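Work through the following exercises with the sequence and the structure at hand. Try each task on your own before you read its solution.

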Amino acid sequence: KTDKFFMIMALFTFSIFGFLYFSRTIFSDDSAITDSGTGLVSKTQIKGTTIEIVERGYNAASGYGEILFRFEQPVLTVGNQFDAIAGEATLKTMIETEFEQVSDQYYVLKMYNIPKKWRQLVVDVGVTSENKPDLNLSLDSLDITKEEKKKDSETTEQVTYVVDYRSLESNSKIKEKQEEDYVIQYTLIEIGYIEKLIESTTKDIETTEKNFALLEQKIGKLEQDKKYQTAADQVKTDSEISSIQMNIIETKKVIEKTIKTVEELKLKKEKLIERNHDAEQTKNLKNAK
């Protein structure tokens, strides 16, 4: 009876451990999600260059994935060479990648043969040089907390992005594209940015111009009040009127500059549309051959 009791307890114990081990396979994974995201939340800096993940995609059927980055460098920054590598943290395996520059600001990381049971993709982006030609991707000692802190440093030469499998759904339309496709993709993104900037700037101008009317009304009211003021009070009122008039003059100068900026943005948008159309034509010609 004692042997039978211990055998039952052993089976019971193994059953409990087995259930706990496979519970996340049977039920939904409730572990904490660590994901760098896209857009503003993904922004970080490498030696003063701001990097942002604009879009990312994954095709489970083909095992192909890609991440589109936007790099914003200071005007006088030249000579920086960027590279990126990727791996799977849970399986501790490197992933075959290609890192290509699409334009002055856009880069795409292509990832091939991503494991079907991947859980966490780790992507390192950094500056390479003759002294440091390769990036280091340590899958054994990955500390997400430390990597997040690096985002606040302008002198970092390498930064880590993390992609959680629960934050990236498979898309059967994701596949490796021609160079022209990426040009079309990034020009549409930039056009979207410019349109939003033009819209917000135009609204700011309209709001400021409405305030001019209110300020003019205030000046008129102050002029009327001077009739019933003492000489000393009139001096104070004249000073207040002068201050409001100077404010209007300076603000109008700012608006004039802002209007010129809007016109420049519109020209930039036209150039992006032109480049988009040229890429479409080049793509069509290639496909027609």
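**Exercise 1. Work out what span helix α4 should have at 1.5 Å a residue, and compare it with the distance between its end C-alpha atoms.**

Solution. This is a predicted model, and the steps below are applied to its coordinates. Begin with the extent of the helix: α4 covers residues 231–288, which makes 58 residues. Next, recall that the expected span is 1.5 Å times one less than the number of residues, so that the span of α4 should be 86 Å. Finally, look at the ends of α4, where the C-alpha atoms are 85 Å apart, a value that agrees with the expected one.

**Exercise 2. Find out which residues of α4 are buried, and name a helix that belongs to what covers them.**

Solution. A residue counts as buried when its relative accessible area is under 20%. By this criterion the buried residues of α4 include Thr-237, Ile-241, Ile-244 and Ile-248, and further along the helix Ile-255, Val-262, Leu-265, Leu-272, Asn-276 and Ala-279. The cover over these buried residues includes helix α3, which runs over 179–225.

**Exercise 3. Describe the backbone and the exposure of Lys-47 and of Lys-92.**

Solution. Start from a general expectation: most residues other than glycine have a negative phi. Lys-47, which is not a glycine, nevertheless has a positive phi of about 50°, and its place is the loop between β1 (44–46) and β2 (49–59). Its relative accessible area is 39%, so Lys-47 is partly exposed. Lys-92 is not a glycine either, and has a positive phi of about 55°; it is found in the loop between β4 (81–88) and β5 (93–101). With a relative accessibility of 46%, Lys-92 also counts as partly exposed.

**Exercise 4. Set out the order of helices and strands along the chain, and say what share of its residues is buried.**

Solution. Count the elements to begin with: the chain has four helices and eight strands. In sequence order they follow the pattern α-β-β-β-β-β-β-β-α-β-α-α. Of the 289 residues, 36% count as buried. Turn then to the contacts with a separation of 6 or more, of which 69% are made by residues 24 or more positions apart.

**Exercise 5. Classify the aromatic pair of Tyr-58 and Trp-118 and that of Phe-71 and Tyr-107.**

Solution. A pair of aromatic rings is described by the distance of the centres and the angle of the planes. The structure holds ten aromatic pairs. In one of them, Tyr-58 and Trp-118 have their ring centres 5.4 Å apart and their planes at 80°, and since planes over 60 degrees apart count as edge-to-face, that is the class of this pair. Tyr-58 belongs to strand β2 and Trp-118 to the loop between β6 (106–112) and β7 (120–128), so that the pair links parts of the chain that are 60 residues apart. Both rings belong to buried residues, with a relative accessible area of 5% for Tyr-58 and 3% for Trp-118.

For Phe-71 and Tyr-107, the centres are 4.5 Å apart and the planes stand at 55°, so the pair is tilted. Because Phe-71 lies in strand β3 and Tyr-107 in strand β6, the pair ties together parts 36 residues apart in sequence. Phe-71 and Tyr-107 are both buried, and both belong to a cluster linked by ring pairs, which also holds Phe-69, Phe-82, Phe-99 and Tyr-161.

Note on methods. Residues are numbered from 1 along each chain as its sequence is written. This is a predicted model: local features need pLDDT of at least 70, side-chain atom pairs count only at pLDDT 80 or more; totals for chains, interfaces and linings use all residues. Side-chain values use heavy atoms; hydrogens and water are left out. Helices (H or I, at least four residues) and strands (E, at least two) are DSSP runs, numbered from the N terminus. Buried means under 20% relative accessible area, exposed over 50%, partly exposed in between (1.4 Å probe, protein chains only). Contact means heavy atoms within 4.5 Å. Rings of Phe, Tyr and Trp (its six-membered ring) pair if their centres lie within 6.5 Å; planes under 30 degrees apart count as stacked, over 60 as edge-to-face and the rest as tilted.
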